[in-house]
Amino acid sequence: QPSTFNFSLPSSMGCWTRGPIIGRGSSATVSLATTASGELLAVKSADLSCSSVLQKEESLISELSSPYIVKYVGCDVTTENDKPLYNLLMEYVPGGTLSDQIRKQGGPLEESMIQVFAHQILQGLDYLHLKGIVHCDIKGQNVLIGRDGAKIGDLGCARVVEEGNGMAGKSVICGTPMFMAPEVARGEEQGFAADIWALGCTIIEMATANNPWPDMEDPVSALYRIGYSGDVPEFPCWLSDGAKE
């Protein structure tokens, strides 16, 4: 049963109504929502008592404004089924994730499309890095495809660092093992360069329709290999020299 809530959105939007669940993460559930004016939004919700990660994401994303980053709309607390929920409202990006697009394609993307998406992701990363923010979890599943192309989403792992300082204060490593840079897998640092490694892994994901280490299924074994073997993910042989570079 859809629930309608009064919400601190811009006055032109009014209240919002929660719709179906469209995604689940480790710390939150994402639902489709509709405003009083008929605009679609994405609502990321977690139990208030377990919402520290979501609140941290709100504090970062609320300060950002880039066509290459999913847009922040607002936040609030609602009570549903006698349970307080913390809600982060963002723009709804209708094309789903980049990983969804690859699955729909049924195989690798064409190099021209890889180039477009890689360029847009890189512009989003450039914006974040100039703000002193490391995303820490770039991968196809965290890139959304809208009408104008790729937008970086899910800043739940993101953190603010000073350039060259990596994980200030030895913060806990965060992210997805198969997309981690060697220094991250070793637990040494997670700085701007790690996002660029993950971008390279995402390009391989687009070019192979698979994760960058397809022969590795166990995350612990993958972390050891990435961190200590000196191996790098295999570049698809069909890519042009420019794409490989």
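Trainee: Let's start with helix H1. Which residues of H1 are buried?

Mentor: Leu54, Glu57, Glu58, Leu60 and Ile61 are the buried residues of H1. To carry that label, a residue has to come in under 20% relative accessible area. Keep in mind that we're looking at a predicted model.

Trainee: And how do you know whether the buried residues of H1 line one face of the helix?

Mentor: Look down the axis of H1: the buried residues fall within an arc of 165°, so they line one face of the helix. The arc comes from the directions from the helix axis to the C-beta atoms.

Trainee: OK, what covers those buried residues of H1?

Mentor: Strands, including S4, S5 (72–80), S6, S7 (133–134) and S10 (159–160).

Trainee: Over to the pockets. How much space lies in the largest pocket, and which residues are closest to its centre?

Mentor: The largest pocket holds about 900 Å³ of space. It's lined by 34 residues, and Arg24, Val30, Gln141, Asn142 and Asp154 are the closest to its centre. Five elements give two or more residues to that lining: strands S2 (16–24), S4 (40–47) and S6 (83–91), plus helices H1 (52–61) and H2 (98–105). H1 gives the most, with four residues.

Trainee: What makes up the lining of the largest pocket, by class?

Mentor: Its lining has 14 nonpolar, eleven polar and nine charged residues. Gly goes in with the polar ones here, by the way.

Trainee: Why is the other kind of space called a cavity, and how many are there of 30 Å³ or more?

Mentor: It's a cavity because a 1.4 Å probe fits there but cannot get out, whereas a pocket is an open set. The count comes to one cavity of 30 Å³ or more. About 80 Å³ of space lies in the largest cavity. Among its 13 lining residues, Cys136, Phe179, Met180, Gln190 and Ala198 are the closest to the centre. Helix H5 (192–208) supplies the largest share of that lining, three residues. By class, the cavity lining splits into nine nonpolar, two polar and two charged residues.

Trainee: What makes S8 and S9 a pair?

Mentor: Pairing takes at least two bridges. S8 (143–146) and S9 (149–152) have four, in the antiparallel sense, so they pass. Ile145 stands opposite Ala150 of S9, and the two strands form a hairpin with two residues between them.

Trainee: Is Gly175 buried, partly exposed or exposed, and why?

Mentor: Its relative accessibility is 29%. Partly exposed runs between 20% and 50%, so Gly175 counts as partly exposed. Gly175 sits in the loop between S10 and helix H4 (182–185).

Trainee: Which residues does Gly175 touch, leaving out those up to four places away in sequence?

Mentor: Cys136, Asp137, Cys157 and Met180. Touching here means heavy atoms within 4.5 Å. Ser49, on the other hand, is 126 residues from Gly175 in sequence and 23 Å away in space, C-alpha to C-alpha.

Trainee: What is the phi of Asp82, and why is Asp82 called exposed?

Mentor: Phi of Asp82 is near 60°, a positive value in a residue other than glycine. Exposed means over 50%, and Asp82 has 77% relative accessibility, so the label fits. Asp82 lies in the loop between S5 and S6.

Trainee: And what about the phi and the accessibility of Ala209?

Mentor: Ala209 has a positive phi of about 60° although it is not a glycine. With 35% relative accessibility, Ala209 counts as partly exposed. You'll find Ala209 in the loop between H5 and helix H6 (219–228).

Conventions: Residues numbered from 1 in each chain as written. Predicted model: local features only at pLDDT ≥ 70, side-chain atom pairs only at ≥ 80, totals over all residues. Heavy atoms only, no water. 1 Å grid on protein atoms, 1.4 Å probe; cavity = no way out; pocket = protein on both sides within 12 Å on 5 of 7 lines; lining within 4 Å. Points joined across faces, edges and corners; volume = space filled by probe spheres on them. Buried < 20%, exposed > 50% of the residue type's maximum accessible area, 1.4 Å probe, protein only.
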